[in-house]
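The following exercises concern the reading of local geometry, burial and charge pairing from atomic coordinates. Each task is followed by a solution in steps.

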Amino acid sequence: MFDNVSKFGITSRAFNNNICSLKKYNPRDFVSDPYRRIDDTPFGGDPGMVMKIEPLELALNKATTEQQELGSNKPLKVYLSPQGKKVNQQMINDLSKHDGIIFVCGRYEGVDERFIERNIDLEISLGDFVVSGGEIPAMMVIDAIIRQLDGALGHEDSAVADSFMNGLLDYPHYTKPRVYEGVEVPEVLLSGDHKQIEKWRLKMSLWRTYQRRPELLEERDLNKIEYGLLAELVNQLDPKG
Ligand code: 9D3
């Protein structure tokens, strides 16, 4: 599964340039019993299975030792689960400052709670929807972290832009052709008037955020100019708003 980050795009370039490295450990390689069981039925009854402590802990200890050999004294141990704290860009920025992280990915109904209590520093979720395991969420977090590492992005992409995200949604983007099936690109973008273009983009960002993610506006105080622009738009387009 992890070929996705190691073989494609910005993340694969970062691995090739030795900006970061990734190792994978399969808990099934750490089971001693002849049936290679990594899961078992839950105490208390319930449908589904729970991941056993021992193979996970053996895999985690191996990963820890190998990271220490690479120079990360105390790698952060992160468990991906639907019960975790919800990830945002701020958390990604903080994680990107650690010199080593171990991501533990669960399958089935999850892992024995004692494994989490004994080993895990941080439990995180991607949001309130269900996927089948922690691997894809881990890959998303790994991708987001790598973008923040020095030298991972080319000049065209800005890690700074990602890392602040400005607290607003992005404005719309357009490219050639100028007219597609009769639909034109907004005229201001063709004007060459950079002041006006900047103002239009800020307006669009404010308007989209107001319409789609109003809660973001409460977290981010608007300055006078922004507030003025948004008030203008609300008057024009949403007089009851
Ligand atoms: C019936 C209870 N379900 C928990 C809400 C069971 C369950 C569903 C999915 C248990 C584990 C999983 C696997 N999900 C993850 O490992 C996971 C996840 C997710 O499902 N959503 C958002 N973020 C994440 S991070 C890891």
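**Exercise 1. Identify the partner of Arg118 in a salt bridge, and state how exposed each residue is.**

Step 1. A salt bridge is a side-chain nitrogen of Lys or Arg within 4 Å of a carboxyl oxygen of Asp or Glu. By this criterion Arg118 pairs with Glu57, and the closest N and O atoms are 2.7 Å apart.

Step 2. Arg118 belongs to helix α5 and Glu57 to helix α3 (residues 53-69), so the pair ties together parts that are 61 residues apart in sequence. Helices (H or I, at least four residues) and strands (E, at least two) are DSSP runs, numbered from the N terminus.

Step 3. Buried means under 20% relative accessible area, exposed over 50%, and partly exposed in between (1.4 Å probe, protein chains only). Arg118 is exposed because its relative accessibility is 59%, whereas Glu57 is buried at 14%.

Step 4. The model is a predicted one, in which local features need pLDDT of at least 70 and side-chain atom pairs count only at pLDDT 80 or more, while totals for chains, interfaces and linings use all residues. Residues are numbered from 1 along each chain as its sequence is written, and side-chain values use heavy atoms, with hydrogens and water left out.

**Exercise 2. Describe the salt bridges of Arg178 and Glu226.**

Step 1. Side chains of opposite charge can pair when their charged atoms come close. The structure holds 12 salt bridges.

Step 2. Arg178 pairs with Glu184, with 3.9 Å between the closest N and O atoms. Arg178 is partly exposed at 46% relative accessibility, and Glu184 is exposed at 53%.

Step 3. Glu226 forms a salt bridge with Arg220, the closest N and O atoms being 3.0 Å apart. Both Glu226 and Arg220 are buried.

Step 4. Lys23, Lys62 and Glu66 are joined into one network by salt bridges that share partners.

**Exercise 3. Characterise helix α6 and determine which elements its buried residues pack against.**

Step 1. Helix α6 has 13 residues, and its first and last C-alpha atoms are 18 Å apart, close to the 18 Å expected at 1.5 Å a residue. The expected span is 1.5 Å times one less than the number of residues.

Step 2. The buried residues of α6 are Glu135, Pro137, Ala138, Met139, Val141, Ile142, Ala144, Ile145 and Ile146. They pack against α1 (3-7), α2 (9-16), β3 (76-86), α4 (89-95), β4 (101-105) and β5 (122-125).

Step 3. Met140 is also located in α6 (residues 135-147). Together with Met1 and Ile136, Met140 makes a nonpolar surface patch of about 330 Å². Patches consist of residues with over 30% relative accessible area and no salt bridge, with like charges joined within 9 Å and nonpolar side chains (Val, Leu, Ile, Met, Phe, Trp, Tyr) within 5 Å. The areas come from the Shrake-Rupley method with a 1.4 Å probe, and for residues only the protein chains shown count as cover.

**Exercise 4. Establish how β4 is covered and how it runs relative to β3.**

Step 1. In β4, 5 of its 5 residues are buried. Ile101, Phe103 and Cys105 lie on one side, with Ile102 and Val104 on the other.

Step 2. Strands β3 and β4 run parallel and are joined by 5 bridges; two strands pair if DSSP finds at least two bridges between them. Leu80 stands opposite Cys105 in β4.

**Exercise 5. Locate the backbone features at Arg36, Tyr108 and Pro177.**

Step 1. Arg36, although not a glycine, has a positive phi of about 55°. Arg36 lies in the loop between α2 and β1 (39-40) and is partly exposed at 39%.

Step 2. Tyr108, likewise not a glycine, has a positive phi of about 55°. Tyr108 is in the loop between β4 and α5 (113-119), and its relative accessibility of 40% makes it partly exposed.

Step 3. The peptide bond from Lys176 to Pro177 is cis, with omega near 5°. Pro177 sits in the loop between α7 (159-164) and β6 (179-180).

**Exercise 6. Describe the surroundings of Leu189.**

Step 1. Leu189 is in the loop between β7 (183-184) and α8 (194-212), and is partly exposed at 21% relative accessibility.

Step 2. Apart from neighbours within four places in sequence, Leu189 is in contact (heavy atoms within 4.5 Å) with Tyr174, Ile197, Trp200 and Arg201.
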